[in-house]
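Thanks for asking me to look this over. Please have the sequence and the model open side by side while you read my notes.

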Amino acid sequence: MVTRGRRNVVICGAGVIGLASAYYLLERGHRVTILERGAPDHDCCSLGNAGFISPSHFLPLASPGIVRKALGWMWDPESPFYIRPRLDPGFISWGIQFWRASNRERAHRAGPLLRDLNLASRSLFEELAACTANEFGLAREGLLMLVRTERGLEEEAKLASRSRELGMPAEVLDAARVRALEPGIELDVVGGVLYPLDAHLVPQKLVATLTRLVAERGGTFVWNAEVRDWLITQSTVKAAITGQGEIGGEDFVLTAGSWTPILARRLGLRLPMQPGKGYSLTLDAPRCLPKHSLILQEARVAVTPMGSSLRVGGTMELAGYDLRINPPRIRGITRSLSRYIPTFRSEDFAMCRPWCGLRPCTPDGLPYIGRTRRFQNMIVASGHAMMGVSLGAVTGKLVSEIVSGDTPSVQISGLCVERFG
């Protein structure tokens, strides 16, 4: 149903968020053009991540105690969190806002919203898997949080309790019960937590599936079309000015990930956001494969079985738009895996090509989803940090509802695009 009539929509960015937005807009009968600065085989932050669908991630990045932990981790080159100090006014302002947002009250308030978004997205991925013969490998086995210290287990038990308060099951396990869930893997842990509603998929296959579905439904892709500026008349955006010429439309959607604030700045819009670099390595022939997706709690490392392959990823490195591989971050990931699962050795990854991508991080850890006040035909859907894939489907559906003039199926007032002024 299209309440506002059929619209001509231009989407800027062909990652998971942009593709999902295009898919749901086309399902509602709109015309869609996707602008992508890369080629058809472009890399994006979605491709190399862990592929988690994570109702368990109800705590935003800006959470209580994260600033103290981050300061402690800064001096360890292999730690899960690293900030490259730099005299950048935008980064300093973002850091202050992040510090202010990292409090218990905000985190508590964000919990129900993140729960609703993730559960809605999980249902949409299930529907998508059902109509595509699950060609992107959706696995609904749950997530197993592995913990090596008693203090860590106490912290996770509190989060499990909060998960149950939010209506989502979470089971605290001792070491024996963890090993019973993963009998084929050697584990060095004191316990863990099972989140049975979590799922995982293969991100690169998801991107391929969505690209195919969008093309089959009549969506138009314009490749190598970096948006350089905008054609504006008063309070209306008329066209995106790209390397392939002017692309006009009635509605525009910014889904450019970490590059979103750069495009927004050319419209006079301020969207505080920092690129957070994450790394991953994929073993094609691992020594063993877990049944569940895993998080190595103290190390903040994600482990995902993807068919016969195993992907290991992690770290949050705030270093601007630097896509160079930082070897100590890779060592930190592989050594952490060996500590939790001694079967693996760092040398197993000697022939792996490390991947990195820039995750768009807002100061409060929540995405921007909605129309801008200044330009009513400009919609922003970005800033999902580590949950771009997890929230991809529901974000796409929300964008289609906003364009159509319908009431969003999830309450998104807390995701207001201009909430930081």
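The points below go through the sheets, the helix packing and one loop residue.

1. **What we are looking at.** This is a predicted model, in which local features need pLDDT of at least 70 and side-chain atom pairs count only at pLDDT 80 or more, while totals for chains, interfaces and linings use all residues. Residues are numbered from 1 along each chain as its sequence is written, and side-chain values use heavy atoms, with hydrogens and water left out.

2. **The six-stranded sheet.** Let us begin with an open sheet whose six strands follow the order β9-β2-β1-β13-β20-β19, with mixed pairing. β9 (220–222) and β19 (368–371) stand at the edges with a single partner strand each, so one side of each has no neighbour in the sheet. On average, neighbouring strands here are turned by 20 degrees against each other, direction ignored. Helices (H or I, at least four residues) and strands (E, at least two) are DSSP runs, numbered from the N terminus, and two strands pair if DSSP finds at least two bridges between them.

3. **The β9 edge.** Strand β2 (residues 31–35) runs parallel to β9, and three bridges join the two. If you want a place to click, Thr-33 stands opposite Thr-220 in β9. As a reminder, strands of a sheet pair through backbone hydrogen bonds, either parallel or antiparallel.

4. **A helix over the sheet.** α10 lies across β1 (8–12), β13 (251–254), β19 and β20 (378–382), and runs at about 15 degrees to β19. For angles like this one, axes are lines fitted to C-alpha atoms, for helices over the stretch in contact, and the values run from 0 to 180 degrees between N-to-C directions.

5. **α1 against α10.** Helix α1 (residues 16–27) and helix α10 (residues 392–404) have axes that come within 7 Å and cross at roughly 50 degrees. That makes α1 oblique to α10; angles under 35 degrees count as roughly parallel, over 145 as roughly antiparallel, 65 to 115 as roughly perpendicular and the rest as oblique. The crossing of α1 past α10 is right-handed, meaning that the near helix is turned clockwise from the far one by less than a right angle (anticlockwise would be left-handed). Among the α1 residues that meet α10 are Ile-17, Ser-21 and Tyr-24, and the α10 side includes Thr-395, Val-399 and Val-403. By class, this contact of α1 with α10 has eight nonpolar, five polar and one charged residues. Contact means heavy atoms within 4.5 Å; Ala, Val, Leu, Ile, Met, Phe, Trp, Tyr, Cys and Pro count as nonpolar, Asp, Glu, Lys and Arg as charged, and the others, Gly among them, as polar.

6. **α4 against α10.** The axes of helix α4 (residues 104–131) and α10 come within 7 Å, crossing at roughly 95 degrees. That makes α4 roughly perpendicular to α10. Leu-117, Ala-120, Ser-121, Leu-124 and Phe-125 in α4 meet an α10 set that includes Val-394 and Leu-398. The contact of α4 with α10 has seven nonpolar, two polar and one charged residues.

7. **α1 against α7.** Which residue classes make up the contact of α1 with α7? There are eleven nonpolar, one polar and no charged residues in it. Leu-19, Tyr-23 and Leu-26 are among the α1 residues there, and they belong to a patch that meets α7 residues including Leu-206, Leu-210 and Val-214. α1 and helix α7 (residues 203–216) pack at about 35 degrees with their axes 9 Å apart, and α1 passes α7 in a left-handed crossing.

8. **The three-stranded sheet.** A second stop is an open sheet in the order β10-β11-β12, paired antiparallel. β10 and β12 are its edge strands, each pairing on one side only. Six bridges join β10 (residues 227–233) to β11 (residues 236–242), with Val-227 opposite Thr-242 and Ile-232 partnered with Val-237. These two strands form a hairpin with two residues between them, and Gln-234 in the turn has a positive phi of about 55 degrees. β11 and β12 also form a hairpin with two residues between them.

9. **One loop residue.** Do look at Asp-348, in the loop between α9 (327–340) and β18 (355–361). Leaving aside neighbours within four places in sequence, Asp-348 is in contact with Leu-283, Arg-287 and Thr-343.
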